[in-house]
Amino acid sequence: MRIVSILFSVVFAFYLIGCKNEKPETAQNGQVEKDSILISADIISDSLQTNWNTMIKSDDQKFENIKRLLQEISYTSGYNHLLHDSLVKACDQVKNTRYTQETMDAQAIDNYDALTDKYIARVMALAGSTPELPQHPLAEELISEINEANTNTLIKLRVNYGRWVMINNSFVKAYQKELTAAGPPYSEMKEKIEFMRSSNVQ
């Protein structure tokens with residue numbers, strides 16, 4: 001039921017945007033009522049934030065899995081202690097370079113992705129050079145989850161968020177006047193930066 005409701009809301013939001021774009025400035029018939037606009041604004045804002053939170057939660061979990069993998073490596077013998085210790089120290093440092101909804105731009109996204117990819121490559125190199133690690137089944141599971149989170153899952157979540165950004169931006173452009181007149185929180189709705197501007201989202 002929730003999926004049906006969200007899909008209906010997306011279609012309705014695009015319908016409102018279409019009506020706004022097609023309506024002559026002097027036309028009075030078919031004017032969209034204020035309540036309908038505000039309901040759509042609520043749905044778009046909530047869906048946008050939910051998708052952002054899901055994406056960030058997945059990224060956080062990826063780094064938690066990295067920490068757990070490094071811990072698993074520390075239970076073995078014969079691993080590279082210097083590399084291991086440097087990776088443990090760098091984990092939070094890498095994650096803390098992540099952009100926010102307000103600070104992200106194409107360069108910030110690409111920089112974060114490049115830094116993350118380089119860091120994960122070093123973690124995987126350590127894992128691959130640790131002789132006893134194959135004897136730890138959890139390590140193999142963590143490696144799989146980390147790689148999946150940094151590739152397919154990352155792209156899917158960014159695309160989902162990006163779709164809501166496009167809906168949000170079109171809606172804000174079409175109904176800026178009405179949203180401003182409605183006051184907070186509607187007047188605070190603004191266009192968001194799209195992941196599609198980053199070279200790492202195809």
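Where in the protein chain is confidence lowest, and where is it highest? In this predicted model, the low end is helix α1 (residues 2-22), with a mean pLDDT of 50, while the high end is helix α3 (residues 81-95), at 98. Across the protein chain the pLDDT averages 86, and 81% of the residues reach at least 70. Two stretches drop further down the scale. Residues 1-8 stay under 50, and the model gives them one contact beyond four places in sequence. Residues 23-32 are also below 50, with five contacts beyond near neighbours in sequence. Where pLDDT is low, the predicted coordinates should not be read in detail.

Now for the core. The largest nonpolar core counts 45 residues, and I66, Y119 and L179 are the ones that touch the most other members. Helices α2 (34-74), α3, α4, α5 and α6 (152-174) each put in at least two residues, with α2 giving the most, at 13. As for L179, its contacts more than four places away in sequence are I37, A41, F171, V172, Y186, S187 and M189.

T130 is worth a look too. This residue sits in the loop between α4 (106-128) and α5 (137-149). Its relative accessibility is 3%, so T130 counts as buried, the cut-off being under 20%. The T130 side chain comes to 2.7 Å from the backbone oxygen of L126. Leaving aside residues up to four places away in sequence, T130 also touches I73, T76 and Y79.

Conventions
Residues numbered from 1 in each chain as written. Predicted model: local features only at pLDDT ≥ 70, side-chain atom pairs only at ≥ 80, totals over all residues. Heavy atoms only, no water. pLDDT = per-residue confidence, 0-100. Helix = DSSP H or I, 4+ residues; strand = E, 2+ residues; numbered from the N terminus. Contact = heavy atoms within 4.5 Å. Buried < 20%, exposed > 50% of the residue type's maximum accessible area, 1.4 Å probe, protein only. Polar contact = N/O pair within 3.5 Å; in protein donor to acceptor, adjacent residues only side chain to side chain. Core = buried A, V, L, I, M, F, W, Y, C linked by side-chain atoms within 4.5 Å.
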